[in-house]
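This report introduces two binding sites to a reader who has not met the structure before. Please keep the sequence and the model in view while reading.

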Amino acid sequence: MERSTIVRVHEGLHARPATRFVKLAKGFESDVELVKDGKAVSAKSSVKLMLLAVKENQEVTVRAHGADAIEAIEALIGYLENPKAGLDDEDSQPTGDAGPKAAVGSAPTASGAANGLRGVAASEGFAIGPAFAHFPPDIAGQGRMLQAEEIGGEIDRFRAAVRAVQARMDHALAQDSLSAGDRGIVAALRDIAADDSLTGEAEGLIKGGNDAVSAVITAASTIAAEFSAVDDHYLNARADDVHAVGRQICLVLLGQDDVSLENIPEGAILIADDIGAWDLARAPLKRIGGVVCGHGGATSHIAIIARSHGIPAVLGLGGQVNALRTARDVALDGNAGHVIMDPDEATRADFAGRVEAAAKERAGLTVFKTVTPKLADGRIIEVAANIGSLEEIEAAQEAGAMGIGLFRTELLFMRHMHLPSEDMQAETYAALAKAFAPYPVIVRTLDIGGDKPIAGIEFPDEENPFLGWRGIRMCLDRPDIFKRQLRALLRAAVHGNIKVMLPMVSDISEVRQTRVLVDECTAELKAEGVPHASFDLGVMIETPAAVLIAPALAKEVAFFSIGTNDLTQYIMAADRLNPTVAKLNDVTNPAVMSAIEMTAKAGVAAGIMVGMCGEAAGRPDLIATFVKMGLTELSMSPASIQRAKKTIMAMAAEG
Ligand code: PEP
Ligand code: MG
């Protein structure tokens, strides 16, 4: 059985769409082939598929033999005919709104294509400036085996080096000049330096006769490879951190200083194969115009630092970055993940125009930073920020966030090699509460499932993880983990306006069971004499069940926050990560809009606050509709805040 079609996938089946096509094909039992110009290859091999070099607007035939041939052809043709298939990146950011996307689209600039490179669009914005190549020499071990009598001394030397690195990081953490965001990153690196996974592995190798430098290099590679092997971008990004810590230990062992970024010229584009987050955090960030790196992804620490300091960045170029070692000037497009070496005059003019236009738009919006949007009837609309780490506090404050409408706690659990302790969580939540007081900080309890594994929680293999053991379901089954988080939140509530919201609620009993646990935690803290305060408990409305029981739920909770990312996928039964059904995944579909309206009605009738923290909250074209429905809080990524305030003010002015 076969069917022909014209390929509409943006830019054809290049690397990423090819991988997705293969993933889709592998879901069918049938043998499937893709045929172009009479040449047939298996649709289940990405290498073969890429070698077939299928371009946009070319005709191909999908051929299938087997029990599910009809379904396979249907699905694969659907994929090929979807222009968005190549654009929608499912891997860059598991949470939807916070992160930039890996670049797969066409370069927006026509000129300069000959020297254009593609990477991951890790921090938005345009930049053009002189290249500053930063390629510190590789570190090598002695490459000889130690004598038995040398081993004790080498272990002492190694331990002293680890202590020195930890002390250096502690010293950096004690400096007032370190921003809150960068502090969190250095703290995460120190966590790795202090964890015996890396040091234990290295010591084992030294005991086996390796010199300390070789042992650290090998141990760092082993641990980093474990991070890289996990099917999760957050964890993958930790591999770079392990290498950065290993490098610091080696430099101490070798008595060397690292190559400094201190002399980077104003507005320069930093080019490197890899920059340790540790190095970047200490660099003169105000002078850096852009960052281009061989390593790193949208969720790596380099990306987080770049985003929070507003530096455009393209990461993950791999070996291509070497081509830039000799560049004089570099232009980069952090929205599309595109880098141009020694741009020609036309490209320079194009980029200069884009940089200027972006600056103009930003400048025009900054007046809204301190605005408190008020409607004609006097109602204040809170425009808050969605963030996932302390590193993003500054960006949210800079944007003029009126508090935090969604703090995703997943990253806190994912970035460490073990589950975060109650103390560590309490410190994090307290830091947030203090940073935004008296505005509210809404912390979402752990929303994790089998699709995003974390160290310390065993997830079952599930056919449909999005319909499985996740969010509040997992938390209620693991009171040991959940109570630790609730206790930390009760402790943090002393320091500001903490509110807590539960994800993935689909049954009223989930709220009631949580209340029992909160009461237990409160009683425990009281008995232990630990300072604590109560918090408002709310729920995310992101399942159809929650919408349908919203009137009953509203009687049990202090607020609703509509999670349009999940609500859309569950209402439309269209996987939010599956580009083939991207058309259905549309919040403006009347089915989703009426679910939002039903929720708003139920909340308003019960007199509780109704907010929204899904992607749609930041859409200027929808804000007026949501506000008219009765929503009084909209939470979004910091970059959208000023535009949203402007939209609300314009709406108020119209009356
Ligand atoms: C949502 O589902 O709309 C939401 C805000 O949560 P997340 O994107 O983290 O699932
Ligand atoms: Mg959600």
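## Contacts of ligand 1

In this predicted model, asparagine 565 places a backbone N or O atom 2.7 Å from an oxygen atom of ligand 1. Glycine 563 also takes part through its backbone, with a polar atom 3.3 Å from an oxygen atom of the ligand, while arginine 408 takes part through its side chain, where an N or O atom lies 2.8 Å from a ligand oxygen.

With these contacts in place, it can be asked how much of ligand 1 the protein covers. On its own the ligand has 290 Å² of accessible area, and the protein covers 97% of that area.

## The shell around ligand 1

The shell consists of 13 residues, and the closest are Arg408, Gly563, Asn565, Asp566 and Arg576. By character, the residues of this shell divide into five charged, five polar and three nonpolar.

Two or more residues each are given to the shell by strand E14 (404-408) and helix H20 (564-572), and the largest share, three residues, comes from H20.

## The magnesium ion

Which protein residues serve as donors to the magnesium ion, ligand 2? They are Glu542, through OE, and Asp566, through OD, at 2.0 to 2.2 Å from the ion. This pair links distant parts of the chain, since the two residues are 24 residues apart: glutamate 542 sits in the loop between strand E17 (536-541) and helix H18 (544-548), whereas aspartate 566 belongs to helix H20.

Both glutamate 542 and aspartate 566 are buried. Aspartate 566 also appears among the closest residues around ligand 1, in addition to being a donor of the magnesium ion.

Notes: Residues are numbered from 1 along each chain as its sequence is written. Chains are lettered from A and ligands numbered from 1 in the order in which they are written. This is a predicted model: local features need pLDDT of at least 70, side-chain atom pairs count only at pLDDT 80 or more; totals for chains, interfaces and linings use all residues. Side-chain values use heavy atoms; hydrogens and water are left out. A residue is near a molecule or strand if one of its heavy atoms lies within 4 Å of it. A polar contact is a pair of N or O atoms within 3.5 Å; within protein, one must be able to donate a hydrogen and the other to accept it, and residues adjacent in sequence count only if both atoms are side-chain atoms. Accessible areas come from the Shrake-Rupley method with a 1.4 Å probe; for residues, only the protein chains shown count as cover. Helices (H or I, at least four residues) and strands (E, at least two) are DSSP runs, numbered from the N terminus. Ala, Val, Leu, Ile, Met, Phe, Trp, Tyr, Cys and Pro count as nonpolar, Asp, Glu, Lys and Arg as charged, and the others, Gly among them, as polar. Donors are N, O and S atoms within 2.8 Å of the metal (3.2 Å for Na, K and Ca); water is not among the atoms, so sites may look incomplete. Buried means under 20% relative accessible area, exposed over 50%, partly exposed in between (1.4 Å probe, protein chains only).
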